[in-house]
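Here are my notes on the model you sent over. I've kept them as numbered points so you can go through them with the structure open.

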Amino acid sequence: MGNGGHGRRVAITGIGMVSPVGLDVESSWEALLAGTPGGGPITAFDPEGYATRIACEIAGFDPLNHLSRKEARRYDRFAQIGVAAASEAMESAGLTGPPPGCPPTDFGVILGSGVGGIITLEANCNIMRDRGPGRVSPFFIPMFIPDIIAGLVSIRYGLRGPNYATVSACASGAHAIGDAARYIRRGEATIMLAGGSEAAVTPICIAGFSAMKAMSRRNDDPAGASRPFDAGRDGFVIGEGAGVLVLEEMEHARARDAEILGELAGFGATGDAYHITAPPPEAEGAREAMQAAVEDAGLAPGDIDYINAHGTSTPANDPSETAAIKSFLGPRAYEIVVGSTKSMTGHLLGAAGAIETVMCVMACRTGRIPPTINFHERDDACDLDYAHGGMVERPVSAALCNSFGFGGHNACLVVRRYEE
């Protein structure tokens, strides 16, 4: 991919986002720049008795602003917010379906999710246990399967190109975007909707992550619990949300006079082959994925101006990712901002890489980098510039977005500022 001398260029012509700090791109971006925390006590269910009782939930989302009453009833929350983000992305690209001259088979959809319709799964398991198999919803399966958003969006807009979901835990959204860009590079698609969605603030997920001791237990300080790269971090804060991009072959975008928001220039994907949940001590897989993405973009490490880090606020991830960045970038690592927007949004699991790629597009467009909030105490193993002091204003010509998932899945994307 990228300008590394192979394949067509990929323009970003649309972006959409539903996040714990805003219901669209504009409100989310302004909240992020202002350092607005998205954490609060869990409201989706009564968390009394759970070790973790906090999350970054989406406030004020009304599915009826995007869906009919019947659709809203038949879509799991992860699909509701995914379709909302896809709708914003399509609108931002000036599209209502395949544009003139683009056959429907040249417009595809790849949308990832780590756990899919887990709210629906849990509810129907409870119904079956309490009331028997005859009371399970006939809509249970299509509401639960992780690929359903890609199907729903393709039906909504008449998109008959490549259509599937990526499932790679917290790298799902990034893998979706990278895969989609490759279809365009190879000439197998002209336009792709790509991204991810997650809504996993449910009793079983909170219980499961708590049992792993992966989540923060700062229940008395939900807004300050997500502390990436801080010495006192004690786990991630789970979030929910969706991010979607419209990727388009560059010349096609220019020909239809689309506003080009940025360029998806590089993609690198590797595996750790190490442990089901922990990164390797030297973080070779993360470093190799970053290197692959930057080389794929035809760039050198010195060309990267900003890294939207995976930055989960877990004891294991943050020093390991810092080490990987220093190993890959060398002295350049100390000259750029390595920020974690998860300090505000929490960890959106399969949607994280998608929402954070949208943030990289905005950083390149505006020359403004969101802060990493909730810094209290320096960790000697995390010694880069994480924008702990607030928003940073500086030109960003190329940004790197890191996503790493349980199972050892690493996916990195390079976004470039568009210049005619």
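1. Let's begin with the largest pocket of this predicted model. Its lining is made up of 32 residues, and those nearest the centre are T277, P279, T314, N317 and F406. The space inside comes to about 480 Å³.

2. Who supplies that lining? Helix 10, helix 11, strand 13 and strand 14 each put in at least two residues. Helix 11 has the largest share, with 3 residues. By character, the lining of the largest pocket splits into 15 nonpolar, 14 polar and 3 charged residues.

3. Now the second largest pocket, with a volume of about 160 Å³. Helix 8, residues 203–211, gives the most to its lining, namely 4 residues. Among the lining residues are G114, V115, A169, C170, E198, L349 and G350. The breakdown here is 8 nonpolar, 3 polar and 1 charged. Have a look at F406 while you're there: F406 is listed in the lining of the second largest pocket, and F406 is also one of the residues nearest the centre of the largest pocket.

4. Helix 10 deserves a point of its own. How far apart are the end C-alpha atoms of helix 10? They are 18 Å apart, and since 13 residues (284–296) at 1.5 Å a residue should span 18 Å, the model agrees with expectation.

5. Which residues of helix 10 are buried? They are G285, A286, A289, M290, A293, V294 and D296. These buried residues cover an arc of only 165 degrees around the axis, so they sit on the same side of helix 10. As for what they pack against, the partners are strand 8 (262–271), helix 11 (317–329), strand 13 (398–405) and strand 14 (409–416). Three of those names should ring a bell, as helix 11, strand 13 and strand 14 also turn up in the lining of the largest pocket. Just after the helix, take a look at G298, which follows helix 10 and has a positive phi, near 70 degrees.

6. Next, I307, which you'll find in strand 9, residues 306–308. Is I307 buried or exposed? Its relative accessible area is 0%, so I307 counts as buried. Leaving aside residues up to four places away in sequence, I307 touches I325, L329, I336, V337, V338, G339, L400 and N402. I307 and A399 are 92 residues apart along the chain, yet their C-alpha atoms are separated by 5.6 Å.

7. Two residues other than glycine caught my eye for their backbone angles. D257 has a positive phi, near 60 degrees, and S313 has one of about 80 degrees. Both are in loops: D257 lies between helix 9 (250–255) and strand 8, while S313 lies between strand 9 and helix 11.

8. Where the two part ways is burial. D257 has 70% relative accessibility, which means that it counts as exposed, the cut-off being over 50%. S313 has a relative accessible area of 0%, so S313 is buried, the cut-off for that being under 20%. If you're checking these by eye, look for D257 in the loop before strand 8 and S313 in the loop that follows strand 9.

Definitions and conventions: Residues are numbered from 1 along each chain as its sequence is written. This is a predicted model: local features need pLDDT of at least 70, side-chain atom pairs count only at pLDDT 80 or more; totals for chains, interfaces and linings use all residues. Side-chain values use heavy atoms; hydrogens and water are left out. The expected span of a helix is 1.5 Å times one less than its number of residues. Buried means under 20% relative accessible area, exposed over 50%, partly exposed in between (1.4 Å probe, protein chains only). The arc is that of the directions from the helix axis to the C-beta atoms. Contact means heavy atoms within 4.5 Å. On a 1 Å grid over the protein atoms alone, a cavity is a set of points where a 1.4 Å probe fits but cannot get out, and a pocket is an open set with protein on both sides within 12 Å along at least five of seven lines; lining residues have an atom within 4 Å of a point. Grid points are joined across faces, edges and corners, and a volume is the space filled by probe spheres set on the points. Ala, Val, Leu, Ile, Met, Phe, Trp, Tyr, Cys and Pro count as nonpolar, Asp, Glu, Lys and Arg as charged, and the others, Gly among them, as polar.
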